[in-house]
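Please look through the sequence and the structure shown here before reading on. The report is meant for a reader who meets this structure for the first time.

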Amino acid sequence: MQKKSSFFKTTTTIFLLLCILFIPFPFHLITFQSSVTDFFFGKLIGTIASSIFGVQLKNTIVYSDSISMYVLVLLLSILSLMIGLLLHNLNPWKHHQKRIVSFLSILFSYYLVLMLMKYGLDKVFKTQFYLPEPNTLYTPLGQIEKDLLYWTSMGTSRGYNIFTGSIEVLAALLIFFKRTRMSGLLLATASLTHIVAVNFGFDISVKLYSLFLLSLSLFLLTPYCRRLYSFFFSQQVLPVMPAEKNDPTKNIFLSLFLKFFITGLILFESLYPYVRDNNFNDDTAKRPFLHGAYEVQQMITATDTLSGKNAPLRRFFIHRENYLIFQNQADAMQDYKLSYDADRHTYILTDYQQRETKLSLEYQEADSILVLNFFKDGQQHQLTGKAIDWKKLPLLQRSFHWTIDSDR
C-alpha cells in the first residue's frame, strides 16, 4: 500500500511539474513558453489529433480549452506515468524522493501564489470582468451566450469584483508564508472550487486550466490532511507540525536573496500591466476615439435616402478592442476589425476574408453626430448615427436597496 502511495505521489508530482512547464500562460517575463511547447509536442499533438481523434488541426498552438490543449494534457499524463514508473524502481530516487517532492511542492506553492495574485488583481482592477461593451448592452438577452452573460453581469459590479479578487489575493499571501500556508490553501481550494463550478456551469473556456489549479491546490493540501481530519472530525488534540531543525550548512543570505527575488518576480508579473498602463480601475480607462453606441438616423445609398426606422441598420458600435460592429433591424451583429487613420480621418475596416473597406468620417461634437461615407458594391453609401448615452442604462447604475418596498 505504501509503495502504491509513493508511486502515485511521484507520478502526480511529475504531472503537475510538466503542466507548469508546458501549459502556456501569457506571462510578461516568459514569452517563449508557447513556442517551447509547440517545439516539443506540436507534431505529436497534430498526429494524435488526426490519427486517433480524426481532427485535422489548422495549427498545434496550445490555448485554453482547445483540442490541442486536451491532447497535450493526455501526452503529459502518459509521460508522467512513464517517468514515474522509471523513477519508482531507482534507488537514488527512493532515497531522495521526500526531499525532491518537498522542494517541488514549494515551487508549486509559489506558482499557485502567482496565479492567485494575477487573477485576483485582474478582478480588483476590473480587467477580467470589465465594464460591458455597448454592443453587448444592446444585444437582446436571449441572444447572449451564457459565458458572455456571466461576464457581463460580473462586469457591472465593481464591489463584487473587489471582494472576490481580494479573497484570491489574501489566499496568495497566506500561501506565500509557511506558517499560514494551510489556511491559504483551504481558502484557495474553496475559491478555485467555485471558479471551476462557474466555468462548467456557464461554459467558460478555462475549464481545463481551472481544474489544473484546483488539483494543484489539493495536492499541496495533502500534507495537512491528518491535521484537518483531526480538527474537523475527531476529538483528538490538533497535532503540531514538527519544527525544522536548523541546518548549519544552510546559507541564510542565499535563502533570503531567493525569497526576495521570488517575491519581486511575483509582484512584477502581477502588477506590471497595471503600472505600465497606469490603469487601476478599468471602468475609467481611456477608450478609443469615438468609442460608444450610435443610433442610425439616416442611410443614403446612391440616390435612395432611408430614415433610421426604414434603414436596414439599426445601430452601430465602436468597440474598445478596435472593432466596428453593425446591428441590423433583426438585432443580428456583424463585426469588422477597425483601424483609424487620424491624418485622413478615415476608418479602415477588415472583414474575416481580409478584405478592406475605407470609411471617411465626419463627427459633429455639438450634436454627437457621426457620419460615415464609404463605397461598396459599386455604390456610394452614407450612414448617419447619433451617439447614445449608453452609460445611463439601468444595468450600469449604482443602485442598492436595503428593502424591497417600492418608492411611493
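The text below takes up one helix, then a series of paired strands, and finally the cysteines.

The model is predicted, and what is said here about its local features should be read with that in mind.

Helix H4 covers residues 91–124. Because a helix is expected to rise 1.5 Å a residue, the 34 residues of H4 should span 50 Å, and the end C-alpha atoms, which lie 49 Å apart, agree with that expectation. H4 nevertheless has a kink of about 60°, and this kink is centred on Gln97. After H4 comes Lys126, a residue whose phi is positive, near 65°.

Further along the chain, strands pair in the antiparallel sense, and the table sets out four of these pairings.

| Strands | Residues | Bridges | Residues between the strands | Positive phi in the hairpin |
|---|---|---|---|---|
| S4 and S5 | 323–328 and 333–341 | 5 | 4 | Asp331, near 70° |
| S5 and S6 | S6: 346–350 | 5 | 4 | His345, near 50° |
| S7 and S8 | S7: 356–364 | 6 | 4 | Ser368, about 55° |
| S8 and S9 | S9: 379–388 | 8 | 2 | Asp377, near 55° |

Strand S5 takes part in two of the listed pairings, since it is joined to S4 by 5 bridges and to S6 by 5 bridges. Where S5 meets S4, Met333 of S5 stands opposite Gln327, whereas on the side of S6 it is Leu338 that stands opposite Leu349.

Strand S8 likewise pairs with S7 and with S9. Leu372 in S8 stands opposite Leu361, and Leu372 also stands opposite Leu383 in S9. How many of the 8 residues of strand S8 are buried? The count is 6 of the 8, for residues 369–376, so S8 is largely enclosed by the rest of the structure.

The cysteines can be considered last. The count of disulfides in the model is 0, where a disulfide would need a pair of cysteine sulfur atoms within 2.5 Å. Is Cys19 buried or exposed? Cys19 has a relative accessibility of 2%, and it counts as buried because this value falls under the 20% limit. Cys225, in contrast, has a relative accessibility of 43%, which means that it counts as partly exposed, as this class lies between the limits of 20% and 50%.

Conventions. Residues numbered from 1 in each chain as written. Predicted model: local features only at pLDDT ≥ 70, side-chain atom pairs only at ≥ 80, totals over all residues. Heavy atoms only, no water. Buried < 20%, exposed > 50% of the residue type's maximum accessible area, 1.4 Å probe, protein only. Helix = DSSP H or I, 4+ residues; strand = E, 2+ residues; numbered from the N terminus. Expected span 1.5 Å × (residues − 1). Bend = angle between axes of the 7 residues up to and from the residue. Pairing = 2+ DSSP bridges.
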